[in-house]
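Biologist: Mind if I fire some questions at you about this one? Short answers with the reasoning shown would be great.

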Amino acid sequence: MSSPLPPVSQVSGCRACCVPGFPGCASSQLRRRRPLKAAAGISVPRPRQRLDGRRLRAAPASAASPPQLSSIRSVVLDIEGTTSPISFVTDVLFPYARDNARKHLEATYGTDETGDDIALLRAQVEQDLAEGVAGAVPVPPEEAGKDAVVDTLVANVEAMIKADRKITSLKQLQGHIWRTGFEGQEIKGVVFDDVPPALERWHASGIKTYIYSSGSREAQRLIFGNTTYGDLRKYLCGFFDTTIGTKREPRSYYEIWQSVGVDRPSQILFLTDVYQEATAAKAAGVEVLISIRPGNAPLPENHGFQTITTFAEILT
């Protein structure tokens with residue numbers, strides 16, 4: 001009987017990798033080998049047949065080794081459920097924005113920044129009213145007075161937060177409210193323990209790391225600039241938010257590819273906990289890993305993506 005096949009990482013002329021779709025993946029090389037012929041006295045089972053005569057496909061084998069970044073030049077990270085616990089967002093950030101929306105709007109009313117925030121909220125509310133979105137309340141004109149405008153804005157913001165709307169108008173205002181909390185040391189950014197060493201490792205390896213979140217770019221900078229591990233922005237090359245598009249649209253990942261300076265979208269690795277975001281990124285040609293963290297929503301069965309539970313599983 002012939003000697004057993006060498007481990008995947010030792011297959012001649014092939015670099016072992018575990019991120020699905022990487023060119024030169026050892027597992028794909030093995031799949032292209034011809035079927036083994038039966039040795040004397042040993043039978044090789046035939047492929048199973050369905051009742052209609054078609055072959056049944058074998059279930060894909062799980063990856064035997066951790067993902068590697070050998071072909072990756074840029075990593076793009078989601079925040080909620082990927083770098084940070086969902087509870088940090090739902091139990092800390094969202095309540096802070098909700099509880100301080102009125103105070104912030106009243107204190108900054110009349111400034112250019114808040115004027116821009118109000119204009120965005122007005123436009124969003126008008127669209128919501130036209131589409132019959134629950135919780136939308138008409139915002140009166142400026143002539144109605146500050147109190148009337150703020151009252152309706154707060155009502156809309158509270159409804160948007162409750163519905164977890166991923167819209168630029170809400171996220172921009174939230175970022176401005178959170179800024180006060182971070183600057184006053186009322187809030188500290190929370191990241192999983194494995195995130196800082198991974199960011200440092202990728203930075204040292206020359207891999208550029210970016211953040212892509214539905215939260216505003218300012219909010220992202222605040223979170224990573226004020227973590228319990230200190231300022232992590234020194235490891236990050238940039239921030240993307242929904243101004244380039246929503247995270248469930250392939251076009252958004254195309255825009256990221258055009259911005260990060262790599263030759264091919266497959267040189268980007270996107271990490272997220274959301275299946276629909278993973279699907280959109282994959283459709284744009286980006287490599288994807290799904291993050292499995294405590295509190296994350298369950299994934300569909302047979303979702304087809306490789307998963308990780310810690311950034312330590314990703315090798316450089």
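Biologist: Where does Gln185 have its place?
Modeller: In this predicted model, elements are DSSP runs numbered from the N terminus (helices are H or I, at least four residues; strands are E, at least two). By that count, Gln185 has its place in the loop between α5 (168-183) and α6 (195-204).

Biologist: What ground rules apply to the numbers in this predicted model?
Modeller: Residues are numbered from 1 along each chain as its sequence is written, and side-chain values use heavy atoms, with hydrogens and water left out. As for confidence, totals for chains, interfaces and linings use all residues, side-chain atom pairs count only at pLDDT 80 or more, and local features need pLDDT of at least 70.

Biologist: Is Gln185 buried or exposed?
Modeller: The backbone is a bit of an oddity, as Gln185 isn't a glycine and still has a positive phi of about 60°. For burial, the cut-offs are under 20% relative accessible area for buried, over 50% for exposed, and partly exposed in between (1.4 Å probe, protein chains only). Gln185 has a relative accessible area of 53%, so it counts as exposed.

Biologist: What is the phi of Asn302, roughly?
Modeller: Asn302 is found in the loop between β5 (287-291) and β6 (307-308). With 79% relative accessibility, Asn302 counts as exposed. Asn302 isn't a glycine either, yet its phi is positive, near 55°.

Biologist: And which residues does His303 contact, leaving aside neighbours within four places in sequence?
Modeller: His303 also has its place in the loop between β5 and β6. Tyr275 is 28 residues from His303 in sequence, but C-alpha to C-alpha they are 7.7 Å apart. Taking contact as heavy atoms within 4.5 Å, and skipping those neighbours, His303 is in contact with Tyr275 and Ile290.

Biologist: What about Ala280: which residues does it touch, not counting those up to four places away in sequence?
Modeller: Ala280 is found in helix α9 (residues 275-283), and with a relative accessible area of 4% it is buried. The C-alpha atoms of Ala280 and Tyr254 are separated by 9.9 Å, with their positions 26 residues apart along the chain. Under that sequence filter, Ala280 touches Lys247, Arg248, Glu249, Pro250 and Tyr253.

Biologist: How is Glu80 classed, buried or exposed?
Modeller: Glu80 sits in the loop between β1 (74-77) and α2. Leaving aside neighbours within four places in sequence, Glu80 is in contact with Ile86, Val89, Thr90, Lys166 and Asp273. Ser213 is 133 residues away in sequence and 8.0 Å away in space, C-alpha to C-alpha. The relative accessible area of Glu80 is 19%, so Glu80 is buried.

Biologist: How far apart are the C-alpha atoms of Tyr212 and Leu77?
Modeller: Tyr212 is found in strand β2 (residues 208-212), and at 0% relative accessibility it counts as buried. Tyr212 and Leu77 are 135 residues apart along the chain, and their C-alpha atoms are separated by 5.9 Å.

Biologist: How do helices α2 and α4 run relative to each other?
Modeller: Axes here are lines fitted to C-alpha atoms, for helices over the stretch in contact, with angles from 0 to 180 degrees between N-to-C directions. The axes of α2 (residues 86-108) and α4 (residues 146-162) come within 9 Å and cross at roughly 170°. Under 35 degrees counts as roughly parallel, 65 to 115 as roughly perpendicular, over 145 as roughly antiparallel, and the rest as oblique. So α2 and α4 are roughly antiparallel.

Biologist: How do the residues of that α2 and α4 contact divide into nonpolar, polar and charged?
Modeller: The contact includes Phe94, Ala97 and Leu105 of α2 and Val150, Leu153 and Ile161 of α4. Ala, Val, Leu, Ile, Met, Phe, Trp, Tyr, Cys and Pro count as nonpolar, Asp, Glu, Lys and Arg as charged, and the others, Gly among them, as polar. The split is 9 nonpolar, no polar and 6 charged.

Biologist: Over which residues is the pLDDT below 50?
Modeller: The chain's mean pLDDT (the predictor's confidence in each residue, from 0 to 100) is 82, and 78% of its residues reach 70 or more. Where pLDDT is low, the predicted coordinates should not be read in detail. One stretch has 51 contacts in the model beyond near neighbours in sequence, yet its pLDDT is below 50: residues 1-64.
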